[in-house]
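Thanks for making the time. I'll put the model on the screen and talk through it element by element.

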Amino acid sequence: MRLVARLLLALALLVAGVGHLVNVDEFLGQVPTFLPLREEIVVVSGFMEIALAAALVLTRGQRLALVGAVVAAFFVAVFPGNIWQAVNGSTSFGLDTATGRIVRLFFQPLLVVWALWCTGAWAAWRSRREPGGDRATSAA
């Protein structure tokens, strides 16, 4: 189940990443207008999504949890752009209503949880927090 979820997440990142590269204008709606190099931000984030998709598919073993944490951090890092889009009423991805833009905000935390769960990052973090598993506790 986790493998299928991880591959689906990789596919979603790949599609979004390629979308960033072939339709830059559509993604500009999420980049605040006060930022410089807006088009470059879209392109770089597209390449990052493609790289993260590849990492989700190619990484094995204990490093997979690290990849999951990085993917989750990426989703957290782009969340302010989603908020900016909702607050400023920027239209992109067919989100042309305030309701659509706000509903989209609730899906970003789900992406974070999805990345942490399907890569085992959540379980790895929890195992370090259990008694005897925490390095700080073990060293004391």
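Start at α6, where the buried residues are Q108, V112, A115, L116 and C118. This is a predicted model, so please hear everything that follows as computed from predicted coordinates. The twelve residues of α6 should span 16 Å at 1.5 Å a residue, and the end C-alpha atoms are 16 Å apart, so expectation and model agree. After α6 comes G120, with a positive phi near 80°.

Now the whole chain, for orientation. The secondary structure comes to eight helices and zero strands. Read from the N terminus, the order of elements is α-α-α-α-α-α-α-α. The C-alpha trace spans about 50 × 30 × 30 Å along its principal axes. The chain has 140 residues, and 36% of them count as buried. The accessible surface is about 8,600 Å², with 70% of that belonging to carbon and sulfur atoms. On contacts: taking those with a separation of 6 or more, 66% are between residues 24 or more positions apart.

Next, α1. This helix covers residues 2-22, which is 21 residues. At 1.5 Å a residue the expected span is 30 Å, and the end C-alpha atoms are 30 Å apart, so the check passes here too.

Which residues of α1 are buried? They are A5, R6, L9, A10, L13, G17, G19 and H20. And what covers them? The cover includes α2 (24-27), α3 (38-58), α4 (63-88) and α6 (107-118).

The same helix also has residues in a surface patch. V4, L8, L11, L14, V15, V18, L21, V22 and F47 form a nonpolar patch with about 810 Å² of accessible area together. Helix α1 gives the most to this patch, with eight residues. Take L14 as an example: L14 sits in α1, and at 37% relative accessibility L14 is partly exposed. Membership of a patch requires over 30% relative accessible area, so L14, at 37%, clears that cut-off.

For background on helices: an α-helix has 3.6 residues a turn, so residues three or four places apart point the same way.

Let me move to L28 and V42, which I'll take together. L28 is in the loop between α2 and α3. With a relative accessible area of 13%, L28 is buried, since the cut-off for buried is under 20%. Setting aside neighbours within four places in sequence, L28 contacts R38, E39 and V42. L28 and S92 are 64 residues apart along the chain, yet their C-alpha atoms are separated by 7.7 Å.

V42 is in helix α3. Buried or exposed? V42 is buried, with a relative accessible area of 2%. Not counting residues up to four places away in sequence, V42 touches H20, V24, F27, L28 and V31. H20 is itself among the buried residues of α1. For a distance along this part of the chain, V42 and L66 are 24 residues apart in sequence and 24 Å apart in space, C-alpha to C-alpha.

Another loop residue is L95, placed between α4 and α5 (98-105). L95 counts as buried at 16% relative accessibility. Its contacts, again leaving out residues up to four places away, are Q85, S90, G100, R101 and R104. L95 and A123 are 28 residues apart along the chain, and their C-alpha atoms are separated by 35 Å.

Last item, the aromatics. How many aromatic pairs does the structure hold? It holds two. One of them is W122 with W125, a tilted pair at 5.7 Å centre to centre and 45° between the planes. Why tilted? Because planes under 30 degrees apart count as stacked and over 60 as edge-to-face, 45° falls in the rest.

Both tryptophans belong to helix α7 (residues 121-129), and because they are three residues apart, about one helical turn separates them. As for exposure, W122 is partly exposed, with a relative accessible area of 46%. W125 is partly exposed as well, at 43% relative accessibility.

To recap the points I would keep: a chain of eight helices and zero strands, an α1 with buried residues including L9 and L13, a nonpolar patch to which α1 gives the most, and a tilted pair of W122 and W125. That's what I have; I'll take questions now.

Key. Residues numbered from 1 in each chain as written. Predicted model: local features only at pLDDT ≥ 70, side-chain atom pairs only at ≥ 80, totals over all residues. Heavy atoms only, no water. Phe/Tyr/Trp six-rings, centres within 6.5 Å; stacked < 30°, edge-to-face > 60°. Helix = DSSP H or I, 4+ residues; strand = E, 2+ residues; numbered from the N terminus. Buried < 20%, exposed > 50% of the residue type's maximum accessible area, 1.4 Å probe, protein only. Expected span 1.5 Å × (residues − 1). Contact = heavy atoms within 4.5 Å. Patch = residues over 30% accessible without salt bridge, like charges linked within 9 Å, V, L, I, M, F, W, Y side chains within 5 Å. Areas by Shrake-Rupley, 256 points an atom, 1.4 Å probe, with all protein chains shown as cover. Salt bridge = Lys/Arg side-chain N within 4 Å of Asp/Glu carboxyl O.
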